[in-house]
Amino acid sequence: MKNMIGKRSTAGASATKDMTTGNIYSLMIGFALPVFVSQIFQQLYNTVDSLIVSWFLGTNALAAVSSSGTLIFMLVSFFTGAAMGGGVVISRYFGSGDEEKVSRAIHTLMTFGLICSVVLTVVGVVFTPTLLVWMQTDPEVMPEAVEYFRWYFMGSLGMVMYNICRSIMNAVGDSRRPLYYLIFSSVLNVILDLLFLGAFRWGIWSAAAATVVSQVASVVLCMIYLMRSGNVFTVELRKLRLHWDMLKEIVRYGLPSGIQNSVIAIANVIVQTQINSFGKLAMAAYGVHAKIEGFAFLPINSFCMASTTFISQNLGARQYDRAKKGSRFCIIAAVVTAEVIGVCCYFLAPYFIGLFDKTPGVIELGVRQAHTVALFYFLLAFSHSIAAVCRGAGKAFVPMFIMLSIWCVVRIIYIICIMHYVGEIGCIYWAYPLTWAISSVIYLLYYLFSDWVHGFDKKKARTE
């Protein structure tokens, strides 16, 4: 069966990449590089919104867009966690050579994504005002914030389904086509932003509408490719259904990732709420720094995605030593890259932040946050690298527990206590490196002393 997958049609062979053979380092770099470039373009969606909104609509509009970026992450992250879980299941069966289960997993994941899209649209549109009030959004920017985020959540279908399609292609080793589709949609996003805001002078809603249209365009391109016949991962509309055995596996691996992302987002919402209490300059500065940090983290996240796919395929093929070597390379590459980026962000922060907003107060607060956290990016990278290893090994509950306890509970307790006794915005920024350090120590102990490489074998033995 393994050879059948590798020797499908020419289209299938060129689209997939068997990561169980060949040079480990070139395979992982070859996978991570397109992911990195594609994530740059994906990050451009919201970043271009912020830049153009700031240029044409001013600081109030920028604060409205920036005030609740964590709101989007909180609502979307749970569903993208399901996509990650589905990717692990597909990678595992692709690595073991079970073509029939690969197909069933893909169609189950697609169906689940469509259901999630409807749920997210309803929740986002209906509850946006309530969530923004809960987050203590400045009343001065509230109307624009509600307008922007409601339009944004109307495009939940594109947001969720692109992540589903990308997970499917990444799971079988194809990280290039998602890049091509994102390049197209990102260029479209920039053109529509300039057209709607610059030429037509429409309101802040049009920035969200431009993002929605471009995301839907990327999904259309993905689906055209996935529905072509002859590939291992061909999607057929008549086969879209929930296979309960596959759904259980997807939920088993995806639910912990979704919960992990959501609890991190909830903690960040608490942080955002405290930031919002310092006024619109603090809101704008925090939002701008989040955009910069999002770009800074892209190379690290690319190695992590490569690691998850590589480890899932190799553990599915029971190549344990190869999986260990790949995990070590991912960790070292991510940590080194993160620290280099952190040093650059530390020294270039005033210039980066000034690209978004030249208001002195915004630059001052943004630089202060960057100088607090940037040199600790290696800790953030280390934690995410081990979490990626755990997900690839079917141990998704481990990072969920660590993130829940450290990045959520400990972070919230710290924020509440420090704001009660000190009440200074600089102390809020320290919540991140402190919790990164604690989680890194726990992850290191788990990685060194647990038997994570045999996770799939133990589950299979229990099932049998």
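Biologist: Where does helix H6 bend, and by about how much?

Modeller: Helix H6, which covers residues 99–134, bends by about 60° at phenylalanine 127, and proline 129 follows within four residues of that point. The bend at a residue is the angle between two fitted axes, one for the seven residues ending there and one for the seven starting there. Helices here are DSSP runs of H or I with at least four residues, strands are runs of E with at least two, and both are numbered from the N terminus.

Biologist: What kind of model is this, and how are residues numbered?

Modeller: This is a predicted model in which local features need pLDDT of at least 70 and side-chain atom pairs count only at pLDDT 80 or more, while totals for chains, interfaces and linings use all residues. Residues are numbered from 1 along each chain as its sequence is written, and side-chain values use heavy atoms, with hydrogens and water left out.

Biologist: Which elements have the lowest and the highest mean pLDDT?

Modeller: The protein chain averages a pLDDT of 84, with 90% of the residues at 70 or above, where pLDDT is the predictor's confidence in each residue on a scale from 0 to 100. Among the elements of the chain, helix H1 (residues 2–6) has the lowest mean, 43, and helix H19 (residues 431–449) has the highest, 95. Over residues 1–14 pLDDT stays under 50, and the model has 28 contacts for that stretch beyond four places in sequence, a contact being heavy atoms within 4.5 Å.

Biologist: Back to H6: how does it pack with H7?

Modeller: H6 and helix H7 (residues 142–154) pack at an angle of about 165° with their axes 8 Å apart, and the two helices are therefore roughly antiparallel. Axes are lines fitted to C-alpha atoms, for helices over the stretch in contact, and the angles run from 0 to 180 degrees between N-to-C directions. Angles under 35 degrees count as roughly parallel, over 145 as roughly antiparallel, 65 to 115 as roughly perpendicular, and the rest as oblique.

Biologist: Which residues meet there?

Modeller: On the H6 side they include Val125, Val126, Thr128 and Pro129, and on the H7 side they include Met142, Phe149 and Phe153. Just after H6, glutamine 136 takes a positive phi of about 60°.

Biologist: Are cysteine 116 and threonine 111 in H6 buried or exposed?

Modeller: Cysteine 116 is buried because its relative accessible area is 6%, and threonine 111 is buried because its value is 14%. Buried means under 20% relative accessible area, exposed means over 50%, and partly exposed lies in between, with a 1.4 Å probe and protein chains only. Leaving aside neighbours within four places in sequence, cysteine 116 is in contact with Phe79 and Val160, whereas threonine 111 is in contact with Leu240, Arg241 and Leu242.

Biologist: New topic: what does cysteine 222 touch?

Modeller: Outside its neighbours within four places in sequence, cysteine 222 is in contact with Tyr162, Cys165, Met169 and Tyr181. Cysteine 222 lies in helix H10 (residues 205–226) and counts as buried because its relative accessibility is 0%.

Biologist: And where is isoleucine 275?

Modeller: Isoleucine 275 lies in helix H11 (residues 244–276) and is also buried, at 0% relative accessibility. Apart from neighbours within four places in sequence, isoleucine 275 is in contact with Ala282, Met283, Tyr286, Ile425, Ile428 and Tyr429.

Biologist: What about the phi of arginine 201 and of arginine 318?

Modeller: Most residues other than glycine have a negative phi. Arginine 201 has a positive phi near 60°, and arginine 318 has a positive phi of about 60°. Arginine 201 sits in the loop between helix H9 (177–199) and H10, and counts as exposed because its relative accessibility is 57%. Arginine 318 lies in the loop between helix H13 (298–316) and helix H14 (320–356), and is partly exposed at 47%.

Biologist: How do H13 and H14 pack on either side of that loop?

Modeller: Their axes are 9 Å apart and the angle is about 175°, so H13 and H14 are roughly antiparallel to each other. The contact is made by residues including Pro299, Phe303, Cys304 and Phe310 of H13 and Tyr320, Phe329, Cys330 and Ile341 of H14.
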